[in-house]
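Thanks for making the time this morning. I would like to walk you through one structure, a few places at a time, so please have a look at the view before I go on.

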Amino acid sequence: VPIPSHPHIRQLELVPLGNGREGMYALRDPYGFSGTVALPSEAAILVTIMDGKRSLGELRQCFERKVGKSLTLPDVERVVRQLDEGYFLDNDRFAQYKGSAIAEYQALDVRPAVHAGDAYSENSEILREHLGKMFTCEEGPGLLPWEGSTASDFTTETDRRLCGVMSPHVDLRRGGPTFAWAYDRIVAESKAEVFVILGTAHTPLQGLFSVSRKHFETPLGTVATDRDFVDRLSGRFSARATAERAAAVFDDELPHRQEHSIEFQTLMLQYVLGGRRDYKIVPILVGSFHPYVLNHRLPGEVSAVADFIAALRETIDQYGS
C-alpha cells in the first residue's frame with residue numbers, strides 16, 4: 001500500500017497519558033473504527049499538523065520549525081504508514097473500511113459487548129466475581145436480596161414505587177460501589193419488567209435522541225430490547241414530529257455501536273436480574289443540551305425535547321394496559 005502523500009488525520013482524541021508515562025499521548029477514536037495507540041510527544045505533534053494540505057516533506061519541515069529538532073523523511077513516512085494501517089487517516093482506504101464496518105453492524109440483530117475485555121472482563125466467572133465485590137466492598141450496599149424475595153419485603157411504605165435510578169456511566173472499576181447502590185435499589189424496591197435506559201451519547205447524534213432496536217449482548221447473556229415498546233414510542237413521536245425528525249431518532253442506530261453508557265447498564269441489569277425475573281430494556285441515547293443552556297433556554301421548552309418526552313411518558317403510562 002503506497003504511503004499517503006498528503007496525510008489527513010481523522011477527527012480523533014489526543015490526550016496525555018499519566019501513571020508514569022509522561023511525554024506519551026493516547027490517540028483514540030471515539031467512533032470505534034480504530035483502536036487506541038500510545039504516541040511519544042514527537043509523533044503526537046506530527047499528528048496535529050497532518051491537515052491533508054502538507055506533503056510528507058512539508059510535514060517534516062513544519063515539525064522542525066515547531067519543535068526545533070531534526071526529523072528525517074523516513075521517520076515521517078514510518079509514522080504516516082502506521083497511522084494509515086490503523087485507519088487513523090481520513091482517506092479512501094478508511095472510507096471503504098468504515099462502510100464495511102457500518103454495514104456489518106447494521107446487519108446484526110444483537111449488539112456485541114464491544115467493551116468486554118477492556119472496561120471489564122470478558123470472562124463470565126471473573127466478571128461475576130468482580131461485580132459481586134462492588135456490592136460487598138466496604139463502600140457497597142452489601143449482598144443482593146435473596147432470590148425469591150419481592151420488593152414489598154424491603155419497602156416500608158406500602159404505596160412506595162421506585163420510578164427510576166441515576167447510575168454512573170464511568171468505568172466499572174472506578175464507579176463500582178455507586179453502580180451497586182443503584183442496582184441494589186432496583187432489586188429491592190422494583191418489580192419492573194421493562195427498563196427505559198437513558199444513556200449519555202459521547203458522539204454526535206442526528207437528533208437529540210437515538211433509540212435502538214437491537215438486543216444487547218453481555219458476557220453474562222443477551223439482554224432483550226422491547227421492540228414492541230419501541231414501535232409504540234415511534235408511533236407516538238411520529239404523530240408529533242416531522243418524518244425527518246422521527247427518522248433522526250429511530251433510524252440513527254450507528255451511535256450505539258461503540259457507546260459504553262448503555263452497555264454498562266445492561267451488564268448491571270443482567271447481573272442483578274438475570275435468573276430472578278424476565279425483563280427487557282429500551283435503549284435510548286441522549287445528546288447534549290449544552291446549546292440550550294448557553295442560550296438560557298430550558299431543554300423542556302424546546303419542541304424536539306418536549307415532544308419526545310411526552311411520547312415517552314404516554315408510552316410508559318399506556319404500556320401493558
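Let me begin with a term: a polar contact is a pair of N or O atoms within 3.5 Å, where, within protein, one must be able to donate a hydrogen and the other to accept it. Please also keep in mind that what you are looking at is a predicted model.

With that term in hand, turn to Thr218, whose side chain reaches the backbone nitrogen of Leu220 at 2.9 Å. Thr218 sits in strand E7, which covers residues 215–218, and because its relative accessibility is 6%, Thr218 counts as buried. If we leave aside residues up to four places away in sequence, Thr218 touches Ala113, Val223, Thr266, Leu267 and Gln270.

Leu267 takes us on to a pair of helices, since Leu267 is one of the residues in H9 that meet H5. Helix H5 spans residues 124–136 and helix H9 residues 261–273, and the two pack at an angle of about 85°, with their axes 11 Å apart. That angle makes H5 roughly perpendicular to H9. On the H5 side the contact is made by Leu127, Arg128, Leu131, Gly132, Met134 and Phe135, while Leu267, Met268, Tyr271 and Val272 take part from H9. Sorted by class, this contact has 8 nonpolar, 1 polar and 1 charged residues.

Now to the aromatic rings, of which the structure holds 11 pairs. One of these pairs is formed by Tyr87 and Tyr97, which are stacked, with 3.9 Å from centre to centre and 10° between the planes. Tyr87 lies in the loop between helix H3 and helix H4, Tyr97 lies in helix H4, and the two are 10 residues apart. Are these tyrosines buried or exposed? Tyr87, at 21% relative accessibility, counts as partly exposed, and Tyr97, at 28%, counts as partly exposed too.

Another pair brings us back to H9: the ring centres of Tyr120 and Phe264 are 6.2 Å apart and their planes stand at 75°, so this pair is edge-to-face. It links distant parts of the chain, as Tyr120 is in the loop between strand E4 and H5, whereas Phe264 is in helix H9, 144 residues apart. Both Tyr120 and Phe264 are buried.

Finally, which residues do ring pairs link into a cluster? They are Phe209, Phe237, Phe250 and Phe308.

Notes
Residues numbered from 1 in each chain as written. Predicted model: local features only at pLDDT ≥ 70, side-chain atom pairs only at ≥ 80, totals over all residues. Heavy atoms only, no water. Axes fitted to C-alpha atoms, helices over the stretch in contact; angles between N-to-C directions. Helix = DSSP H or I, 4+ residues; strand = E, 2+ residues; numbered from the N terminus. Parallel < 35°, antiparallel > 145°, perpendicular 65-115°, else oblique. Contact = heavy atoms within 4.5 Å. Nonpolar A, V, L, I, M, F, W, Y, C, P; charged D, E, K, R; others polar. Buried < 20%, exposed > 50% of the residue type's maximum accessible area, 1.4 Å probe, protein only. Phe/Tyr/Trp six-rings, centres within 6.5 Å; stacked < 30°, edge-to-face > 60°.
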